[in-house]
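Here is a briefing on one protein chain. Please look over the sequence and the structure before reading on.

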Amino acid sequence: MLHVNAPTHNPFYLSMGALSAPALADLAPFFNNLPENSYQDGGFRKRRFSAFVYENGSVRRLPKRAFAQSEDINHFQGGVVREYEDMEDACCASTGFQEMMAHFCAQAKLAEGVEIEIHQLRIFAQPNGMAEVAPEGVHQDGFNRIGMFMINYEDLNGGEIRVHQAKDSPAFIERRFQEGEYIVLSDALFWHDANDIHATRADRPGNYDLFVVTARQPE
């Protein structure tokens, strides 16, 4: 008789879902106050960056820190220590932000006290122009959990998020996430990128607003 040992835990792969309409309404206005970005992607991205822990159902902000990735991970801006302004207190205290953190931690099966880094991004295409959502190409971010929460998609075409089993494999997910929708995936198992965005109006930019949430979950 063949005996098969049961797995000791269920590995995490990916999950998708959506925030509530009130949470989305809470979070969307904070993207209108993002500062200019002085780094290589400043011509098409505005950003804030902060770190947190989520414990006992509440969010605690960690001291301000810089952000850096190695050149092996990020061929576009790797090896550059980047300083961004912290996320606004009002945003982090909002009910919508609390809901987003609860969704991410639950979907990613995150342990209590794991550090979570959040990039608040506005990617913008100039009138009748285009912008790269993922200038790094197909990539991993150097964590083992990543969440992408779409908050606002305005006057645009494109921007579909793509998920791959390997760097050189075709995407098995290619989806234009609606406002409020999100995907949480294992950054250690999968690769991701996104299609370029194209502004649809000649009189104003098109905006692509999202939170990128990352963590290193002990396995």
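The points below go from the whole chain to its sheets, cores, helix and loops.

This is a predicted model, in which local features need pLDDT of at least 70, side-chain atom pairs count only at pLDDT 80 or more, and totals for chains, interfaces and linings use all residues. Residues are numbered from 1 along each chain as its sequence is written, and side-chain values use heavy atoms, with hydrogens and water left out. The chain's secondary structure comes to 3 helices and 13 strands. Helices (H or I, at least four residues) and strands (E, at least two) are DSSP runs, numbered from the N terminus.

**Whole chain**

- The chain has 219 residues, and 52% of them are buried. Buried means under 20% relative accessible area, exposed over 50%, and partly exposed in between (1.4 Å probe, protein chains only).
- About 10500 Å² of the chain is exposed, and carbon and sulfur atoms supply 49% of that area. Accessible areas come from the Shrake-Rupley method with a 1.4 Å probe; for residues, only the protein chains shown count as cover.
- Of the contacts with a separation of 6 or more, 82% join residues 24 or more positions apart. A contact means heavy atoms within 4.5 Å.

**Strand pairing**

- Strand β2 (residues 45-55) pairs with strand β3 (residues 58-61) in the antiparallel sense, over 4 bridges. Two strands pair if DSSP finds at least two bridges between them.
- Y54 has V59 of β3 as its bridge partner.
- The hairpin of β2 and β3 has 2 residues between the strands, and N56 there takes a positive phi near 50°.
- Another set of 3 strands forms an open, antiparallel sheet in the order β5-β12-β7. β5 (130-131) and β7 (156-158) each have a single partner strand, so one side of each is left without a neighbour in the sheet.
- β5 and strand β12 (residues 197-199) are joined by 2 bridges and run antiparallel. M130 stands opposite H198 in β12.

**Nonpolar cores**

- The largest nonpolar core has 30 residues. A nonpolar core is a set of buried Ala, Val, Leu, Ile, Met, Phe, Trp, Tyr and Cys residues joined through side-chain atoms within 4.5 Å.
- Those with the most contacts inside the largest core are F97, F104, I116, I118, F149 and F211.
- Elements giving two or more residues to this core include α1 (21-27), α2 (89-92), β4 (115-125), β6 (145-154) and β13 (206-215). α3 gives the largest share, 5 residues.
- Leaving out residues up to four places away in sequence, F211 touches twelve-odd neighbours listed here in part, including L27, F31, M100, I118, F149 and I151.
- Apart from the largest core lies another core of 24 residues, among them A125, A131, M150 and L156.

**Helix α3**

- α3 has 13 residues and reaches 18 Å from its first C-alpha to its last, close to the 18 Å expected at 1.5 Å a residue. The expected span is 1.5 Å times one less than the number of residues.
- Buried residues in α3 are G96, F97, E99, M100, M101, F104 and C105.
- K109 follows α3 and has a positive phi, near 55°.

**Loops with positive phi**

- N128 lies in the loop between β4 and β5. Its phi is positive, near 60°, in a residue other than glycine. N128 counts as exposed, at 55% relative accessibility.
- D155 lies in the loop between β6 and β7. D155 is not a glycine either, yet has a positive phi of about 60°.
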